[in-house]
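Here is a short set of exercises for reading a protein model. Try each task on your own, then follow the solution step by step.

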Amino acid sequence: MGPVGFLGLLAPHMAIMLSAKKAKEQLIVSMLLGAVLLLAANWLGQNLRYPAEIAAGMIVSVIGGSYFLLLLLKGRKS
């Protein structure tokens with residue numbers, strides 16, 4: 001449940017930073033963003049080190065955290 005909880009906290013903030021202003025837009029964008037992030041993390045975790053597997057939570061933390069920090073720095077400059 002770690003990756004799901006992390007995405008539940010991170011995806012709405014990322015949706016707002018991606019200029020989803022209305023609640024309906026935020027809900028749709030955050031759902032799609034969370035789903036894409038978790039699918040990408042699972043795929044990367046299974047394919048980066050093929051016989052072994054990296055946990056999706058670690059990949060989600062790296063991808064999501066890096067992207068969130070990038071958006072924060074970008075927002076600070078403007």
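The exercises below go from the whole chain down to single residues of this predicted model.

**Exercise 1. The overall picture**

Task: Find out how many helices and strands the protein chain has, and in what order its elements run.

Solution:
- Step 1. Count the elements: the protein chain holds three helices and zero strands.
- Step 2. Read them from the N terminus, and the order is α-α-α.
- Step 3. Frame the chain: its C-alpha atoms fill a box of roughly 45 × 30 × 15 Å along the principal axes.
- Step 4. Look at the surface: about 5700 Å² is exposed, with 71% of it supplied by carbon and sulfur atoms. Of the 78 residues, 21% count as buried.
- Step 5. Check the confidence: the average pLDDT is 84, and 96% of the residues score at least 70. Among the elements, H2 has the highest mean (89) and H1 the lowest (80).

**Exercise 2. Do the sums on two helices**

Task: Work out what span is expected for H3 and for H2, then compare with the model.

Solution:
- Step 1. Helix H3 covers residues 56–77, which is 22 residues.
- Step 2. The expected span is 1.5 Å times one less than the number of residues, so H3 should span 32 Å.
- Step 3. The end C-alpha atoms of H3 are 32 Å apart, which agrees.
- Step 4. Repeat for H2: with 25 residues, 36 Å is expected, and the helix reaches 36 Å from its first C-alpha to its last.

**Exercise 3. Two sides of H3**

Task: Which residues of H3 are buried, and which exposed residues sit on the face turned away from them?

Solution:
- Step 1. List the buried residues of H3: Ile59, Val60, Gly64 and Leu71.
- Step 2. Look down the axis of H3: these buried residues fall within an arc of 105 degrees, so they line one face of the helix.
- Step 3. Recall a rule: an α-helix has 3.6 residues a turn, so residues three or four places apart point the same way.
- Step 4. Turn to the face away from the buried side, where Met58, Val62, Leu69, Leu70, Leu73, Arg76 and Lys77 are exposed.
- Step 5. Test one of them: Met58, in helix H3, has 55% relative accessibility and therefore counts as exposed, the cut-off being over 50%.
- Step 6. Place Met58 relative to Asn47: the two are eleven residues apart along the chain, and their C-alpha atoms are separated by 14 Å.

**Exercise 4. The nonpolar core**

Task: Name the residues of the largest nonpolar core and the elements that give two or more residues to it.

Solution:
- Step 1. The core has nine residues: Leu7, Leu10, Met14, Leu33, Leu37, Ala41, Ile59, Val60 and Leu71.
- Step 2. Helix H1 (2–17), helix H2 (23–47) and H3 each give two or more of them.
- Step 3. Follow Ala41: beyond its neighbours within four places in sequence, Ala41 is in contact with Ala56, Ile59 and Val60.
- Step 4. Follow Leu33, which lies in helix H2. Its relative accessibility is 19%, so Leu33 counts as buried; the cut-off is under 20%.
- Step 5. Compare sequence with space: Leu33 and Leu7 are 26 residues apart in sequence, but 8.9 Å apart from C-alpha to C-alpha.
- Step 6. Add the contacts of Leu33 beyond four places in sequence, which are Ala11, Met14, Ala15 and Leu18.

**Exercise 5. A pair in contact**

Task: Is Ser30 buried or exposed, and what does Ser30 touch beyond its neighbours within four places in sequence?

Solution:
- Step 1. Locate Ser30 in helix H2.
- Step 2. At 13% relative accessibility, Ser30 counts as buried.
- Step 3. With those neighbours left aside, its contacts are Ala11, Pro12 and Ala15.
- Step 4. Go to Pro12, which is in helix H1 and, at 32% relative accessibility, counts as partly exposed.
- Step 5. Check from the other end: with neighbours within four places set aside, Pro12 is in contact with Leu7 and Ser30.

**Exercise 6. A backbone angle**

Task: Where is Ser19 found, and is its phi positive or negative?

Solution:
- Step 1. Ser19 is in the loop between H1 and H2.
- Step 2. Most residues other than glycine have a negative phi.
- Step 3. Ser19 is not a glycine, yet its phi is positive, at about 70 degrees.

Conventions
Residues are numbered from 1 along each chain as its sequence is written. This is a predicted model: local features need pLDDT of at least 70, side-chain atom pairs count only at pLDDT 80 or more; totals for chains, interfaces and linings use all residues. Side-chain values use heavy atoms; hydrogens and water are left out. Helices (H or I, at least four residues) and strands (E, at least two) are DSSP runs, numbered from the N terminus. Buried means under 20% relative accessible area, exposed over 50%, partly exposed in between (1.4 Å probe, protein chains only). The arc is that of the directions from the helix axis to the C-beta atoms. A nonpolar core is a set of buried Ala, Val, Leu, Ile, Met, Phe, Trp, Tyr and Cys residues joined through side-chain atoms within 4.5 Å. Contact means heavy atoms within 4.5 Å. Accessible areas come from the Shrake-Rupley method with a 1.4 Å probe; for residues, only the protein chains shown count as cover. pLDDT is the predictor's confidence in each residue, from 0 to 100.
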